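This tour is intended for a reader with the structure open in a viewer. Each stop proposes a selection and then describes what is found there.

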Amino acid sequence: MTLLQLAYFVEVCKCRNMTKAAANLHISQPAITKAIQELESEYGARLLLRRKNGQELTGEGQFLYQRAEALLRQAEELDAAMKQLCSRRKTVRVGVSVVFVHLFPDFLRDYQAANPGLELKSYAFGTVELQQHMEKGSIDVAISGQSDSLPFPSRVLLQAESRFWTRRDSPLAGREVIHIDTDLGDTPIGLFRENISYPQNRGVDQFYPLRGEAVANVLFCTNQFGEIRQKLLEGAVSTFLPQHILDDCPQLVSIPTDPPLRFNLLAYWNGGHISSQLLDLVTFAQDYIARRMAPGEG
C-alpha cells in the first residue's frame, strides 16, 4: 500500500466514477484501475463493485476509505510542516561565547561566505546566558566552553590547554611552569568568567582553576574580555585563559600550569535530533577549529 494508491482510491470513492476521478487527477483511467487492483490483490478483498450508477464500496472498501482519508490529511499536514520547517531553517541563529568570538573571529564570516544562500544571525553571550537562550528557543545552536551540567546534546569541537597569562616583565614571566598552589603568592589575579552574573553556577566556569579565592590575590572577576585584556597589557593583573587566545599581544606570555588546565569548546543544540543544516554548521566549525589550532598545538 502506498500513499499514491490511497489517493487514487479515495478520489474514486468521492466521485463514484473512475473516468471522472481520472480527469480530476489528470491521469489515465488505466492507472487508477491498476492502483485499485493492486490494493485488492494485496489484501485479497474486493474494495469496489461496479454498478450501473457508478462504483459502490464494499464493507472492506468503506473501512479503507474512512481511514485512508485521515491518513492522507495527516500526510498533507506533515508535508506542509516540513516545508515550513525547512524554509525557516534557511535562517540559522548561532549563539557564541565571548571566548569563541576572540579565539576564532573569522569563523562566522567564513561560514557565511561558504553558504551564501543562508541567513546567519549571530549573538554573543556568556555561558549561562547561552543555555537560557537555548532553553527558550531563541537560538538554534550554541558554541561555548564546556559545562558539567549541560542539559543538551553536544559535540566537542576543541580540547585545548588553558594557561597562565602575564606580561613579559612580570616576576613570573620566566617560569617554565606555574604551580597554581604555590607560585602565585601575592600576584594580582583578574579572572575572566563568562557567567559572572551567576556565581551560584561557578562549576560551568573553566577559567577559574583556583581551589579557593583565599589562596590567591584575586582583585576582580569580569565577563568583559576587553577588560581582562586591557588589565593584562597594563600589567595590573595576570590571569588564566585558553592557549593562543592572546597570541596577537607580544607584550604577554603564556605559561603551562601544574596541575594542567584543560579548556573544552562545545557545540550544542536543543532536542534529540539535529537538522542537516545545523549538522553542517557544527561540522564546519569542527573542521575550521582543527585547521586553526593544529599549527600551535604541537
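**First stop: helix α2**

Please begin by selecting residues 18-25, which form helix α2; the buried residues of this helix are Met-18, Ala-21 and Ala-22. These residues lie on the same side of α2, because they span an arc of only 100° around the axis. The model is a predicted one.

Next, display what surrounds that side. The cover over the buried residues of α2 includes two helices, α1 (3-15) and α3 (29-43), together with the strands β1 (48-51) and β2 (54-57).

Now turn to the two ends of α2. At the N-terminal end, select Asn-17, which acts as a cap: one of its side-chain oxygens is 2.9 Å from the backbone nitrogen of Thr-19. Beyond the helix comes His-26, which has a positive phi, near 60°.

**Second stop: the loop before α2 and a residue of α1**

Select Arg-16, in the loop between α1 and α2. Although Arg-16 is not a glycine, its phi is positive, at about 60°. Is Arg-16 buried or partly exposed? Its relative accessibility is 36%, so it counts as partly exposed.

Moving back into helix α1, select Cys-13. With a relative accessibility of 4%, Cys-13 counts as buried. Which residues does Cys-13 contact, once its neighbours within four places in sequence are left aside? They are Leu-48, Leu-57 and Tyr-65. For Tyr-65, draw a line between the C-alpha atoms: it spans 7.3 Å to Cys-13, although the two residues are 52 apart in sequence.

**Third stop: the largest pocket**

The largest pocket holds about 350 Å³ of space. To find its centre, select Met-18, Gln-29, Thr-33, Arg-50 and Gln-55, which are the closest to that point among the 18 residues of the lining.

Colouring by secondary structure shows where the lining comes from. At least two residues are supplied by each of α2, α3, β1 and β2. Which element gives the most to this lining? It is α3, with five residues. Colouring by residue class instead divides the lining into four nonpolar, eight polar and six charged residues.

**Fourth stop: helix α6**

Select residues 107-114, helix α6, and highlight its buried residues, Phe-107, Leu-108 and Tyr-111. Viewed down the axis of α6, these buried residues fall within an arc of 90°, so they line one face of the helix. Rotate to the other side of α6, where Arg-109 and Ala-113 are exposed. As background to this view, an α-helix has 3.6 residues a turn, so residues three or four places apart point the same way.

**Fifth stop: helix α7 and strand β5**

Helix α7 covers residues 127-136, and its buried residues are Thr-127, Val-128, Leu-130, Gln-131, His-133 and Met-134. These buried residues pack against the strands β3 (91-97), β4 (119-125), β5 and β13. Just after α7, select Gly-137, where phi is positive, at about 80°.

From here, go to Ser-144 in strand β5 (residues 141-145). Ser-144 has a relative accessible area of 0% and is buried. Show its contacts, not counting residues up to four places away in sequence: Ser-144 touches Ser-97, Thr-127, Leu-130, Asn-264, Leu-265, Leu-266 and Tyr-268.

**Sixth stop: two loops further along the chain**

In the loop between β10 (239-242) and β11 (252-255), select His-244. His-244 is not a glycine, yet its phi is positive, at about 80°. His-244 counts as partly exposed, with a relative accessibility of 21%.

Then select Pro-259, in the loop between β12 (257-258) and β13 (261-269). The peptide bond that joins Asp-258 to Pro-259 is cis, with omega at about 5°.

**Last stop: the whole chain**

Finally, clear the selection and view the chain in full. Its secondary structure comes to nine helices and 13 strands. Of the 298 residues in the chain, 43% are buried. Among contacts with a separation of 6 or more, 74% are between residues 24 or more positions apart.

Key:
Residues numbered from 1 in each chain as written. Predicted model: local features only at pLDDT ≥ 70, side-chain atom pairs only at ≥ 80, totals over all residues. Heavy atoms only, no water. Buried < 20%, exposed > 50% of the residue type's maximum accessible area, 1.4 Å probe, protein only. Helix = DSSP H or I, 4+ residues; strand = E, 2+ residues; numbered from the N terminus. Arc of directions from axis to C-beta. Contact = heavy atoms within 4.5 Å. Polar contact = N/O pair within 3.5 Å; in protein donor to acceptor, adjacent residues only side chain to side chain. 1 Å grid on protein atoms, 1.4 Å probe; cavity = no way out; pocket = protein on both sides within 12 Å on 5 of 7 lines; lining within 4 Å. Points joined across faces, edges and corners; volume = space filled by probe spheres on them. Nonpolar A, V, L, I, M, F, W, Y, C, P; charged D, E, K, R; others polar.
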